[in-house]
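Grab a pencil and work through a few exercises on how helices and strands fit together. Try each one yourself before you read its solution.

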Amino acid sequence: MPLESVRFAVLGPVRVWRGGTELRPAGPQEGALLALLLVRAGEPVGVEEIVDALWGADPPRTAVNVIRRHAGSLRRLLEPGLAVRAEGRWLVRAAGGYRLVTDGDCLDLLRFRALCERGRRAAGESPARAVELFAEALSLWRGPAASGLPGQARAHPAFGAADRERLTAVRAAADAALRAGLPDVVLPELYRAAAAHPLDEPAQAALILALAATGRQGEARAAYDAVRSRLSEELGIDPGPELREAGETARGAGTGGAAGGAPDSRAGADVPAPSTGTTPSPGTAPAPAPDAHPDPGPGPHPVPRPAELSAPGPAGPVPRQLPHDVPVFAGRGSEVDGLLAGGEGRVVVIGGMAGVGKTTLAVHWAHRAADRFPDGQLYVNLRGFDPSGAVMEPGEALRGFLDALGTPPDRVPHGVDAQAALYRSVLAERRVLVVLDNARDSDHVRPLLPGSQGCLTLVTSRDELSGLVAAHGAHALGLHPFDAGQTRTFLVRRLGAERVEAEPGAVDEIGELCSGLPLALACVAARAAAHPRFPLSAVAAELREAHGSLDAFARSDASVDVGSVFSWSSRAVSPAARRLFELLALHPGPDFSLPAAAALAGLPARRVRPLLAELTGLHLVAEHSPARYSFHDLLRAHAAELVEEHRTGTERHTALHRLYHHYLHTAHSADRLLAPTSDPLPPPPAPEGVHPEPLADDDRALAWLTAEHAVLLAVVDTAAASGQERIACQLAWSLEPFFDRRGHWHDGLTVQRTALAAARRLADPALEARGLRGLARVEGRLGLHAQSVSRLEHALRLFTRLGDDIGRANTHRSLGWEREQLDDLPGALRHNQLALDLFRALGDRAAQASVLNSVGWYHALLGEHRQALAHCFEALPLLQALGDRYGQAATWDSIAYVHQHLGRHSHALLGYRNALTLLRDLGAPYVEADILSRVGDTHEAMGGHDSARAAWRQALTLLRELDHPDAERVEARLTGRDGRAGAG
């Protein structure tokens, strides 16, 4: 067989041709084996690596024999007539495994690499030629490498590494295009890369520069503002130098140039324009989650079914999570220089007593070493010794890391072990620095350790973590309090050499009184810096005379009690600031905002802001990000002692009551914005001194909920544990639309379990019914349908006994969604019809309009077209009058679907166009892709093959950007593999 007669493709779905015939592997595992051999591009792949790719950590005992059978089957697929045990020409044994014989003429990956290499060589002398070569290389990609494989196989790091090559090529192409004066050539690829990697600063910078160079200054500035906001809201960081420079270029380009913006990268396919009267109605509607029609509960926020698990490729977002560095770091020079004594690819444990500077050292060194880890830096405070007891569990930290690394929440599996395995898969082949701050013990850390040798993990803990040293070869670095020389260096950096050298005796005394503890020294230095005319001898005398206690943190390795230092510092502030400092110890979360501090104090925010400035000025609290504050746990313990000593039980209870109401009332406002058709319990009147945060719109609500995410979890838990069960329930239920919108279903499961337990302690059937429904909904999202259906049926019985028709109606809607997930369309229709009857009787127009479309949709799926259109056309004017744009879009889609299946193709295209017009304003890419797929089907039925393919290509682009498994289905339409369209 001549070599040229077999061709392979792995840049997208795996495909193989012999001559002009496309060949298909016998099954998914055989296809995964072929994909792995292809992506390794002619290199030998060991049997152990194949086992890991096909089965992960739990292979069958017969795994090696199964691989041999798959290899033999692939040989015979490539070379028909080959004897059963013959070696073959293409697939050969090599180095304890297998190798597929490939070259640049028969494998698209090698062709891509060769073109990129030629592009890089040409870039210096002929940027225009380089652009041509990079464009040709990128045109070979039809989706993520080996897309469509089962999740376990697709998570193999080799596929992610290939995806990262594509992003690198896009950046190189953009650079060459700018130098060649051809920025418009690379814009389509840049749009795709920037959309797929919204937090990748180089990709975003390249897009901004290209837009500015094509005269689209307005769009360039908008793109910069958008990514700056994303970085701030999602990572809490400012743009880096490269992105800032791009933003300055966009702003400096002026307002001249081409008019208008860039073409819409999601422009519609060949669909007729909307008819008169179908334009989007005014008003703001929440951006929907996937699935356009059936709604599992109140509100316009249906959610997708749990998708197939797969790790995103390494070309995903590059997290930059490190906290701010200390600008006056001093006293640990030898530790910084020797921190990597054990080399990279390992674990470093920084240990020592509380307040000795473990976190400061870790963060400072991490900033210095960040450029060694181009794939990002992850940081989490595990709160292992937090006095409040709010320890972060490994699962919560893992989900936060996976989110930062670009893993869609609906693809995060159940259980810490499975989440840790996915985390390791995502980090494989990446170089990422992971900082695990304030770990409780070795078990607290183990699930968070990457498996990649390219990653480095810094762990700080008061515990020695000997288990990590023994089992993982961790390098241990113990910190001790400063000696006299280090103390002097520390104070020089903060107070200046002249002042320190003028009073060496006082400096030594301050060091002794602080026991060399950096945290205590920082407090003293802040006090001295605030009074530059005070002699240091006076500061030392004042400190010597102070009294205090910190018995709660006495340890065997602590030589003195440093409570006197903190007591002295807290007495140096005004009485109002001291009262605030004490009350802040009651806050249950890992950090707090200015409005939350104001609620604790019962004061307006304008009066609390200067009090917080006093406290931060003396290092009693830290402003770790703009308008968000936190305690060091030693200082929190000191504040807790003071609040117990100085504030009565009634005063403490009243302060906490205000704080809980602050969060409850603000969360309730957010709930009404995110889910306006839901039926939340209205909170009781806010106590005096509580001023909920104003949330003007849907975006502001999401921003507040995102910033307070961890705090709200802690508040639900502590409120329930402190006898405030009703507040805990109402707060948990107010968070449901947020968890739906963002896909934080694991956290939703936790708070809904807490809420149900609290409702049952109150012995209130109405609250129990809501608790059952809330827990059932999140269990349904997580695929736990046996539990969720049982709970919903129990809730329905309770609502019925209570005579609560709104509760019954919304529970029927949730049961209808569950029946659809179980492929029971008649059951789904029946429950939604019951909900509709109840809403009609109640006169609830908003809920009635929403459920009318759901009833119409289920009639359509059952082929009952007349009933479907009747319900949808009844729903549409109600939704238009209510300004519910998402509901209108879903209803137009239902109407179009019916027309499509009745053969009224022009009417179908009109309805789809109306839906797309509305959806593009709302930003719902999955639903848009779903409709575009049906637009393509409609064009195909009309004989418009080119228009059909254009619509399918747009749908495929959106689905690939979302890394959604439906991309394979649309790809099948384009290639004719589903029997609908020709290969063309």
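Below are some notes on the model, then three exercises with solutions.

This is a predicted model, where local features need pLDDT of at least 70 and side-chain atom pairs count only at pLDDT 80 or more, while totals for chains, interfaces and linings use all residues. Residues are numbered from 1 along each chain as its sequence is written, and side-chain values use heavy atoms, with hydrogens and water left out.

**Exercise 1.** Work out how α7 and α8 are oriented to each other, and which residues meet.

Step 1: Find the helices. Helices are DSSP runs of H or I with at least four residues, and strands are runs of E with at least two, numbered from the N terminus. Here, α7 covers residues 157–180 and α8 covers residues 183–196.

Step 2: Look at the axes, which are lines fitted to C-alpha atoms over the stretch in contact, with angles from 0 to 180 degrees between N-to-C directions. The two axes come within 9 Å and cross at roughly 150 degrees.

Step 3: Name the orientation. Angles under 35 degrees count as roughly parallel, over 145 as roughly antiparallel, 65 to 115 as roughly perpendicular and the rest as oblique. So α7 and α8 are roughly antiparallel to each other.

Step 4: List the contacts (heavy atoms within 4.5 Å). On the α7 side they include Leu-167, Val-170 and Ala-174, and on the α8 side Val-186 and Leu-190 are among them.

Step 5: Sort them by class: Ala, Val, Leu, Ile, Met, Phe, Trp, Tyr, Cys and Pro are nonpolar, Asp, Glu, Lys and Arg charged, and the others, Gly among them, polar. The α7 and α8 contact has 10 nonpolar, no polar and two charged residues.

**Exercise 2.** Do the same for α1 and α2: which orientation do they have?

Step 1: α1 (residues 28–39) and α2 (residues 47–55) pack at about 130 degrees, with axes 10 Å apart.

Step 2: That makes α1 and α2 oblique to each other.

Step 3: Among the residues that meet are Leu-33 and Leu-36 in α1, plus Ile-50 and Trp-55 in α2. By class, this contact has seven nonpolar, one polar and one charged residues.

**Exercise 3.** Find which strands stand at the edges of the sheet made of β12, β13 and β14.

Step 1: Two strands pair if DSSP finds at least two bridges between them. The order is β12-β14-β13 in an open sheet, with antiparallel pairing.

Step 2: β12 (592–593) and β13 (622–625) each have a single partner strand, so they stand at the edges.

Step 3: Check one pairing. Two bridges join β12 to β14 (residues 628–630), and Phe-592 stands opposite Tyr-629.
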